[in-house]
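Q: May I put some short questions to you about this protein model?
A: Certainly, please begin.

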Amino acid sequence: MKIKCSKCNKVYKIPDEKLPAGKKYAVQCPACKNRIVIDLQSQPTQKQSLNTSKSVEKKETVLSLGQKRPSGMTLKYGILRSLGDLPAMPHIVQKAQEIIAKPDSNLKELSSLIEIEQAIATRVLKLANSTYYGLSGKVSSVQHASVLLGYKTLGELITVAGISGLMDKNLNGYDLSSEDLWRHSIAVAVGSRIIAGRKDPEFGNEAFFAGLVHDAGKVVLDQHVYERKDDFETFMGNGQHTFLSAEKEILGFDHSEMAFELCQKWQIPSNQSDAIKFHHCPSKSEGNELAYILHLADFIAMMNGYGAGQDSSMYQMEEGTLEFLSLQDKDLNDIQSQVIESVEKMLQEIPSG
Ligand SMILES: [Fe+2]
Ligand SMILES: [Fe+2]
């Protein structure tokens, strides 16, 4: 169901299956905190509409269309078998993450890592000169950047520069341009670091990296979603189901599960891989704090226009997320403002590929 906030006029979608039984339902606008009361009696719900013969027909059509192409385990393992053809995590990013994680790492190791990769070095310099890192126009060499920014930040710059080549694809199945996918990835990375940093600044780098690649599963699945576009549209109907539930229904799994498989291939540490796997449903992660952080950062990104294409509509924050992270509604407002400010600064100069 679509709802519109009477105060800030933002429009949201709520999956019908999440609507409670009853005549009236109150939600808080994620943007302006206005209390929105929905009268369910005046709106047809999914349960009601599924009772019509037309909707039942639609569902059957989806299933019969889905049978033409592989789904579930057959599709998943087919994709996994072909993962060798898919882009590998850039070696330089893996190396940079390893160096940062070592307690005795130093600037020299990192700067010599990028000296040999000219394309990465150029992107790192552009980033270092963005207003986000506060060194606008002052950095002329990688060595200079490493001295001014410190090795943790330099490691982050290398990561962003390296990943941008991996996440710069136009995803037609998801209705996502390469620019939008990159903006979303940056917004979730920055948001994750801000949220993690409130608890423990050291946790920030780990959270930032996980945020950057959390939707990498979409890059892998896009072709398969595109081939089944009609099935997706039929299943989602007129706002009856989320894009995420359509992935599960039609493919047999969603992009977070595929991202987890990619993380295994890339040998990303288990805490980050698990968090990415559960970034839509952190309550299933057995208390993985990073999963909650990614989920909240994902929600904030989508609510503030750093969307992720089709699946940003009807996206909801899972109940209990703020409580798990010991955050109040007012903290959410602060985090949102910080995220917007940081993302805009970072995207001013950022190379998207
Ligand atoms: Fe996602
Ligand atoms: Fe996302």
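Working through the model

Q: Is Glu 286 buried or exposed?
A: Glu 286 counts as exposed, because its relative accessibility is 79%. Exposed means over 50% relative accessible area, buried under 20%, and partly exposed in between, with a 1.4 Å probe and protein chains only.

Q: How was this model obtained?
A: This is a predicted model, in which local features need pLDDT of at least 70, side-chain atom pairs count only at pLDDT 80 or more, and totals for chains, interfaces and linings use all residues. Residues are numbered from 1 along each chain as its sequence is written, chains are lettered from A and ligands numbered from 1 in written order, and side-chain values use heavy atoms, leaving out hydrogens and water.

Q: Back to Glu 286: where is it?
A: Glu 286 sits in the loop that links helix 15 (270-277) to helix 16 (289-303). Helices (H or I, at least four residues) and strands (E, at least two) are DSSP runs, numbered from the N terminus.

Q: And what is the phi of Glu 286?
A: The phi angle of Glu 286 is near 55 degrees, which is positive although the residue is not a glycine.

Q: What about Ser 326, then: what is its phi?
A: Ser 326, another residue other than glycine, has a positive phi near 55 degrees. Ser 326 belongs to the loop between helix 17 (321-324) and helix 18 (329-349). With 54% relative accessibility, Ser 326 counts as exposed.

Q: New topic: how do helix 11 and helix 14 pack?
A: Helix 11 (residues 216-227) packs against helix 14 (residues 255-265) at an angle of about 110 degrees, and their axes are 7 Å apart. The two helices are therefore roughly perpendicular to each other, a label for angles from 65 to 115 degrees. Axes are lines fitted to C-alpha atoms over the stretch in contact, and angles run from 0 to 180 degrees between N-to-C directions.

Q: Which residues make the contact?
A: Helix 11 contributes Ala 216, Gly 217, Lys 218, Val 220 and Leu 221, while helix 14 contributes His 255, Met 258, Ala 259 and Leu 262. Contact means heavy atoms within 4.5 Å.

Q: Finally, what does the whole protein contain?
A: The protein has 18 helices and 4 strands. Of its 353 residues, 53% are buried. Among contacts between residues at least 6 apart in sequence, 66% join residues at least 24 apart.

Definitions and conventions:
Parallel < 35°, antiparallel > 145°, perpendicular 65-115°, else oblique.
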